[in-house]
Amino acid sequence: NYLLGAGRADCTGPVAEIPLMGYAKLDQVGGGLLMRLYSRAFIVAELDDSRRVVFVSADIGMVSQRVRLEVLRQLKSKYGELYRHDNVILSGTHTHSGPGGYFQYTLFWITSKGLIRPSLNAVVNGIVKSIDIAHQNMKRGRLFINRGTVENSQINRSPFSYLQNPESERSRYSSNTDKEMVLLKMVDENGEELGLISWFAVHPVSMNNTNRLVNSDNMGYASYLFEQEKNEGMLPGEGSFVAAFASSNLGDVSPNTKGPFCINTGDSCDNPESTCPVGGAKMCMAMGPGNDMFDSTRIIGQNIYSKAKELYENASQEITGPLSSAHQWANMSDVSVELNATHTVKTCKPALGHSFAAGTIDGVGAFNFTQGSVEGDPFWDEIRDQLLGEPSNETKACHKPKPILFSTGEMTRPHPWHPDIVDVQIVAIGSLAIIAVPGEFTTMSGRRLREAVKTELDSHGAPGTDVVIAGLCNVYTHYITTYEEYQVQRYEAASTIYGPHTLSAYIQLYRGLARSIALNTVQDLPPGPEPPFFNITNLTLVPSLIADLVPVNKTFGDVLQEVKQQYQPTEVAEVTFVGANPRNSAENETEHNFLTVERYTSTSDSWHVVQNDASWDTRFYWTKGLLGRSNVTVKWHIPHDTEPGIYRIRYFGHYKKRLSNSLAVSIPFEGTSSVFEITAL
């Protein structure tokens with residue numbers, strides 16, 4: 001039916017000292033590794049290879065414009081006109097526990113300490129490599145689609161905003177979140193399994209903003225479980241089966257299913273301002289279903305995996321038909337939207353409202369901001385006016401009722417603070433249409449967009465199309481709420497940067513793309529204004545790498561705190577080494593493995609690797625000391641089904657050594673724990 005290829009590549013980047021991207025919490029910097037981050041790429045081509053499309057889901061917070069532009073430049077130099085702006089979708093899973101620093105717009109520099117080249121390179125190179133692998137693995141195969149309901153895995157975190165939508169609209173839906181998972185299954189012509197893409201709307205924020213370990217959160221854990229099952233006998237990150245759990249319209253959807261509670265009193269704070277009687281909004285946090293954030297990540301990830309497994313095994317509806325892709329750039333700060341025959345409205349220059357600074361129940365903001373704020377605060381407004389300049393009257397009027405905190409569209413130093421030029425894109429694979437959206441659509445915004453696109457396709461001769469939203473694609477523009485939700489200015493609305501008519505503008509643009517696909521007139525679409533590519537090489541507040549040093553009479557990799565001699569399954573084996581900055585390793589080689597757990601085989605008198613640093617059960621912690629010293633602790637949470645036997649833990653690092661003032665080298669080293677025995681339970 002089609003030519004299909006799937007590929008997976010590491011895109012973890014530096015796991016230490018880089019701010020994690022997602023919660024905008026300045027002190028949440030990387031300090032180790034729980035699970036590796038991967039880019040997962042899928043290529044579908046027609047049998048005569050006249051057309052092809054690429055879908056990538058990467059374990060990162062979001063795809064930035066910078067990442068997309070650099071990826072497309074590399075693809076062009078490798079493949080010419082094969083992979084282009086119109087037929088390549090790059091989507092982020094939206095984990096909040098990956099390294100930041102891969103943005104060219106100034107606002108994102110504030111929380112990720114600038115543009116960090118090693119971080120950007122890891123993401124770009126990982127995405128390109130995953131596409132390379134998929135490209136090399138192309139073979140004839142078939143596609144199947146299935147859909148089903150995922151229970152007990154999400155809540156709406158802004159229910160008071162959702163209730164602003166018309167009752168007549170809400171009554172058509174059974175829930176204030178989209179519970180449907182859409183799954184695409186890939187097999188080759190001999191029935192050999194190649195991979196899957198699942199789309200499901202939930203924030204990967206089971207790991208909260210106190211976490212310092214790089215990981216892919218609940219969605220990544222679902223990928224991990226599926227790939228471990230299908231790539232039997234392989235270590236995590238190895239094997240040919242690729243399982244992507246991609247994001248969708250997750251804007252107002254949280255996995256923290258117990259809901260919001262005051263962490264000081266234990267009372268519910270499920271109110272329009274998400275605030276507590278004592279301590280205000282800072283005390284209001286949502287809790288997941290587990291005992292702690294690791295447990296919650298596991299539970300939500302397991303739920304998503306279980307439903308995907310069921311849908312995958314029962315997928316029988318085959319996808320056939322031609323491929324097409326439509327893409328435009330739009331200047332989102334200046335779109336005229338025809339609401340009806342007599343009424344035209346406009347989008348605005350980007351701006352963030354006061355409630356943006358409040359954060360959400362998944363990660364509260366700093367200071368005393370609350371959600372649902374339609375009044376500004378004179379204190380913060382005055383500070384803003386002094387530091388950044390006052391918003392123009394035009395921008396203030398355009399964004400009403402949003403009180404503007406940062407008028408980013410009017411801030412251009414040293415580069416613009418927010419994008420104006422945004423990608424809109426739809427890719428159709430037979431009867432499946434994938435809408436690539438540049439941000440986080442709320443539940444109802446996503447429903448309106450899907451419906452508009454489906455209506456357009458249906459009425460122009462492509463009936464029965466399955467329409468799915470892929471979130472956080474191509475360029476990051478924060479949130480997209482409905483006009484009604486926008487009026488109450490909770491976090492998602494305050495972060496709808498192009499004003500109250502943002503959704504209407506997107507619906508108009510995507511309808512145009514859908515129409516061109518249905519009528520086969522994609523080649524006539526005007527490309528729109530090209531986005532800028534700012535000339536920034538590296539601009540960062542991240543501390544520069546210094547020479548690593550060791551304590552007196554010690555060397556790199558020496559054990560400081562030894563394992564015990566014996567453990568039972570479900571206990572934690574722990575060892576601490578004289579370490580070095582893990583950034584040395586990330587800058588040396590992309591796919592550096594920091595640790596192994598090894599089991600002794602007496603018959604061959606050899607050690608066999610049973611876990612690596614991508615395993616869910618291993619945790620790698622880096623602790624920075626004074627004057628270039630540091631420690632590394634490896635913890636292995638021994639699974640209950642671990643075979644009894646003799647084991648050891650190994651650590652692999654690089655230390656930086658100065659040879660002269662201008663020259664430093666990274667030198668590899670390793671450390672090994674004592675052997676320990678695991679006894680039967």
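A salt bridge is here a side-chain nitrogen of Lys or Arg within 4 Å of a carboxyl oxygen of Asp or Glu, and the views below are taken from a predicted model.

**View 1. Salt bridges and polar contacts between domain 1 and domain 2.** Across the interface of domain 1 and domain 2 there are three salt bridges, and nine residue pairs, both members at pLDDT 80 or more, are in polar contact. In a salt bridge of the model, the side chains of Lys624 and Glu17 come together with an N to O distance of 2.6 Å. On the side of domain 1 that touches domain 2, two or more residues each are given by strand S2 (16-21), strand S3 (29-33), helix H3 (117-136), helix H6 (217-230) and helix H7 (293-313). Sorted by class, that side of domain 1 holds 14 nonpolar, four polar and five charged residues.

**View 2. The two domains and the area buried between them.** Domain 1 comprises residues 2-331 + 418-524 and domain 2 residues 558-678, and their centres, taken over C-alpha atoms, lie 33 Å apart. Contact involves 23 residues of domain 1 and 24 residues of domain 2, and the two domains bury about 2,100 Å² between them, with 61% of that area on carbon and sulfur atoms.

**View 3. The disulfide of Cys262 and Cys276.** The whole structure contains three disulfides, among them the one that joins Cys262 to Cys276 at an S to S distance of 2.2 Å. The torsion about this S-S bond is about -110°, and the disulfide is therefore left-handed. Because Cys262 lies in strand S15 (residues 259-262) and Cys276 in the loop between S15 and strand S16 (284-287), the pair ties together parts that are 14 residues apart in sequence.

Conventions. Residues are numbered from 1 along each chain as its sequence is written. This is a predicted model: local features need pLDDT of at least 70, side-chain atom pairs count only at pLDDT 80 or more; totals for chains, interfaces and linings use all residues. Side-chain values use heavy atoms; hydrogens and water are left out. Domain bounds come from an automatic or database domain assignment. Contact means heavy atoms within 4.5 Å. Buried area is the accessible area (1.4 Å probe) that two parts lose on being put together, summed over both. A polar contact is a pair of N or O atoms within 3.5 Å; within protein, one must be able to donate a hydrogen and the other to accept it, and residues adjacent in sequence count only if both atoms are side-chain atoms. Helices (H or I, at least four residues) and strands (E, at least two) are DSSP runs, numbered from the N terminus. Ala, Val, Leu, Ile, Met, Phe, Trp, Tyr, Cys and Pro count as nonpolar, Asp, Glu, Lys and Arg as charged, and the others, Gly among them, as polar. A disulfide is a pair of cysteine sulfur atoms within 2.5 Å.
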